[in-house]
Structures are given as C-alpha cells and as structure tokens.
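Here is a short report for a reader meeting this chain for the first time. Please look over the sequence and the model before reading on.

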Amino acid sequence: MASKSDTAFRTIGELAEELGLPQHILRYWETRFPQLRPLQRAGNRRYYRPDDVALVKRIDRLLNREGYTIKGVQKLLAEKVAPEPEPQPSPVALPLAELKRIRALLADALEQDAA
C-alpha cells in the first residue's frame, strides 16, 4: 500500500494497520480518552485527522511501550501536558559541505606540519 501524506485523513483500518493494533482497540480508546474524537461520517465511518493520528501514536507509546495504565495516560492528557518537542538534530551534526571544508583544512594543516 502506498504511504499517505502526513496531512491526509486516515481510516480506522489504515491507522490500525500502521500501528499494528486491532481496530477495536482504537474504538475502545475513543471511549476512554475524550480528546480522541475522529470525524465520523455516514455509517459511523471514522476518519482520523493528523492531530488524531499524533494523539493515537502518543497513547500507544505511553500504554504499550512506556508502561502507563489507562488512568495514568488519562491523567497526563487531562493535565494538558505540552506537546512533546520534535527531536532536534545533534548540535554536532553539520552539513556535509561544512564537514568537507573542515577535513580539507585539517589535511592542509597536517601537510604543513609534516613539511
């Protein structure tokens, strides 16, 4: 299946497949986390917006990887904890062109030192 854009809506089936979770778990989470409210169209077909997807991923991580209980996650979400910051690149990480420039300077310095 082709990957959808990060801004595209996802059906419950697509989101469940992406996370490796059964669909009924996502429906259950909707009953436990009032912040999780996907759009529902005719026939109760659910469409998860990008913010919903991010919330589901956060709930999944907290419950299934970090060991929180449902009540613990409810408390975290109710406290309106600030969204987690995006991981920042290491301050040591430099663009390739800059690294090549530094390497050339070091090579020149070694040549001058050897002479």
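Pro 50 is partly exposed, with a relative accessibility of 31%. Pro 50 belongs to helix α3. Which residues does Pro 50 touch, not counting those up to four places away in sequence? They are Asp 6, Thr 7, Ala 8 and Phe 9. Asp 6 and Pro 50 are 44 residues apart along the chain, yet their C-alpha atoms are separated by 6.7 Å. The model is a predicted one.

## The whole chain

The chain has 115 residues, and 23% of them count as buried. Its secondary structure consists of five helices and three strands. Read from the N terminus, the order of elements is β-α-α-β-β-α-α-α. Take the contacts with a separation of 6 or more: 45% of them join residues 24 or more positions apart. The exposed area of the chain is about 8600 Å². Carbon and sulfur atoms supply 57% of that area.

## The sheet

The three strands form an open sheet. Their order is β1-β3-β2, and the pairing is antiparallel. Why is one side of β1 and of β2 left without a neighbour in the sheet? Strands β1 (10-11) and β2 (39-41) stand at the edges, and each has a single partner strand, so one side of each has no neighbour there.

Strand β3 spans residues 45-48 and is joined to β1 by two bridges, the two strands running antiparallel. Strands β2 and β3 also pair in the antiparallel sense, over three bridges. The table gives residues that stand opposite each other.

| Residue | Opposite residue in β3 |
|---|---|
| Arg 10 | Tyr 48 |
| Thr 11 | Tyr 47 |
| Leu 39 | Tyr 47 |

Tyr 47 thus appears twice, opposite Thr 11 and opposite Leu 39.

In a regular strand, side chains alternate between the two faces of the sheet. In β3, Arg 46 and Tyr 48 make up the covered face. Arg 45 and Tyr 47 make up the uncovered one.

Strands β2 and β3 form a hairpin, with three residues between them. Gly 43 lies in the turn and has a positive phi of about 75°.

## Helix α1

Helix α1 covers residues 12-19. Its buried residues are Ile 12, Leu 15, Ala 16 and Leu 19. Seen down the axis of α1, they fall within an arc of 100°, so they line one face of the helix. What do the buried residues of α1 pack against? Their partners are β1, α2 (23-32), β3 and α3. Gly 20 follows α1, and its phi is positive, near 70°.

## Helices α3 and α4

Helix α4 runs through residues 70-78, and its buried residues are Val 73, Leu 76 and Leu 77. These cover an arc of only 95° around the axis, which puts them on the same side of α4. They pack against α3 (50-65). What lies on the face of α4 turned away from its buried side? That face carries the exposed residues Lys 71, Lys 75 and Ala 78.

Asp 52 has its place in helix α3. Is Asp 52 buried or exposed? Asp 52 has a relative accessible area of 5%, so it counts as buried; the cut-off for buried is under 20%. Leave aside its neighbours within four places in sequence, and Asp 52 is in contact with Leu 36, Arg 37, Pro 38 and Tyr 47. Tyr 47, one of these contacts, is also on the uncovered face of β3.

## Helix α5 and its patch

Helix α5 comprises residues 96-114, and Leu 99 lies in it. Leu 99 has a relative accessibility of 41% and counts as partly exposed. Which residues make the nonpolar surface patch? Leu 96, Leu 99, Ile 102 and Leu 106 make it, and its area is about 370 Å². A residue needs over 30% relative accessible area to join a patch, and Leu 99 has 41%.

## Putting it together

Helix α3 can be followed through several of these descriptions. The buried residues of α1 pack against α3, among other elements. The buried residues of α4 pack against α3 too. Helix α3 also holds Pro 50, which touches residues including Asp 6 and Phe 9. Asp 52, in the same helix, is in contact with Tyr 47, a residue that stands opposite Thr 11.

Key:
Residues numbered from 1 in each chain as written. Predicted model: local features only at pLDDT ≥ 70, side-chain atom pairs only at ≥ 80, totals over all residues. Heavy atoms only, no water. Helix = DSSP H or I, 4+ residues; strand = E, 2+ residues; numbered from the N terminus. Buried < 20%, exposed > 50% of the residue type's maximum accessible area, 1.4 Å probe, protein only. Contact = heavy atoms within 4.5 Å. Areas by Shrake-Rupley, 256 points an atom, 1.4 Å probe, with all protein chains shown as cover. Pairing = 2+ DSSP bridges. Arc of directions from axis to C-beta. Patch = residues over 30% accessible without salt bridge, like charges linked within 9 Å, V, L, I, M, F, W, Y side chains within 5 Å. Salt bridge = Lys/Arg side-chain N within 4 Å of Asp/Glu carboxyl O.
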